[in-house]
Amino acid sequence: MIIVPGPASVKLGSIVAELLGHEAHPVDHRLFPDGESYIRLTADVKDETVVLVQTTAPDPDRKLVQLLVMARTARDFGARRIIACVPYLAYMRQDKRFLKGEALSFDVVLGLLEDSGVDDLLVVDLHSEESLGMIQPRHSIMVHTLSAIPIIAMYLKENGYDGAYSLSPDVGRKDIVEAASKVMGGGFAFFEKIRDKHTGETTMKVKDVDVKGRKAVVFDDIISSGGTMARAIKGLKDQGAVKVAAACTHALFMPGAEERLSEAGANLILASDTVETPYSRVTIAGLIADHLRSL
Ligand code: R5P
């Protein structure tokens, strides 16, 4: 097995390689003045199983193109099997059509990966398993999904949130809080997020939950603008929660996100390292290495 960290995941790819007892072979990479990427594989991949480790944020379009170029190059040089390990997969949220003419970008991305030679795709906390079930049959690429939520919940349990209440900002993420609650105890519930399909604006239906005098954690797959998380935190604080942590797998953290969370009263912000940020205190390297061992 040849482990190839891409430009977006040099550190994570090297840790995964080390856990597997392999040498890491990061690609040779630079940016041309016009912004295009130069990529060269640094290992002989002929007849090998090649694991490309490349997350796709920040700067999703560039990171995705780099991944496609890496895959196609590995295929050109005779790789036997190509496993794309993409901890955060850009475009995974665009998995349904709400209006006529809308792109089903998640489907497009799977198709591009497949056309570039990827046999297996490893993703952490995919946005919707249900959508994957609908879209995967259109492709021959094998998608493996892992979840960082149990290890994030374990971190919280060991760091002051044992027995805390788990809340999802949306019913669509119910599976996440069910999993978290199994680790932390404390029960779970969800609010409801309603999206205007024309403007994309969302509103949140805050339900009554039993958090008065308790600690709680809001779990989401992604924090981007921080708006969803901030509304959920405020909903819990307004109902008397004493401490609320904001936890997610993928911390995209667009400008202003941290301020929104702080203003809403977040007592802790925690994320995994699918996207490297100062809040990435939980690593998914072991999760990925264990899965690769099983393939
Ligand atoms: C959306 O469906 C996701 O699960 C997240 O809730 C969303 O991406 C968070 O975005 P933001 O931080 O911009 O509210």
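## Exercises on a predicted model: a pocket and a sheet

The second largest pocket has 14 lining residues, and those nearest its centre are D125, E129, S147, D175 and I176. A pocket here is an open set of points on a 1 Å grid over the protein atoms alone, where a 1.4 Å probe fits and protein lies on both sides within 12 Å along at least five of seven lines, while lining residues have an atom within 4 Å of a point. The model is predicted, so local features need pLDDT of at least 70 and side-chain atom pairs pLDDT 80 or more, whereas totals for chains, interfaces and linings use all residues. Residues are numbered from 1 along each chain as its sequence is written, and side-chain values use heavy atoms, without hydrogens and water.

**Exercise 1.** Determine which element supplies the largest share of the lining of the second largest pocket.

*Solution.* Begin with the elements that each supply at least two residues, namely strand 7 (142-146), helix 5 (149-161) and helix 6 (174-184); helices (H or I, at least four residues) and strands (E, at least two) are DSSP runs numbered from the N terminus. The largest share, three residues, comes from helix 6.

**Exercise 2.** Establish the strand order of the six-stranded open sheet, and explain why strand 9 and strand 15 each have one side without a neighbour.

*Solution.* The order is 9-8-12-13-14-15, with parallel pairing, where two strands pair if DSSP finds at least two bridges between them. Strand 9 (188-190) and strand 15 (280-282) stand at the edges with a single partner strand each, so one side of each lacks a neighbour in the sheet.
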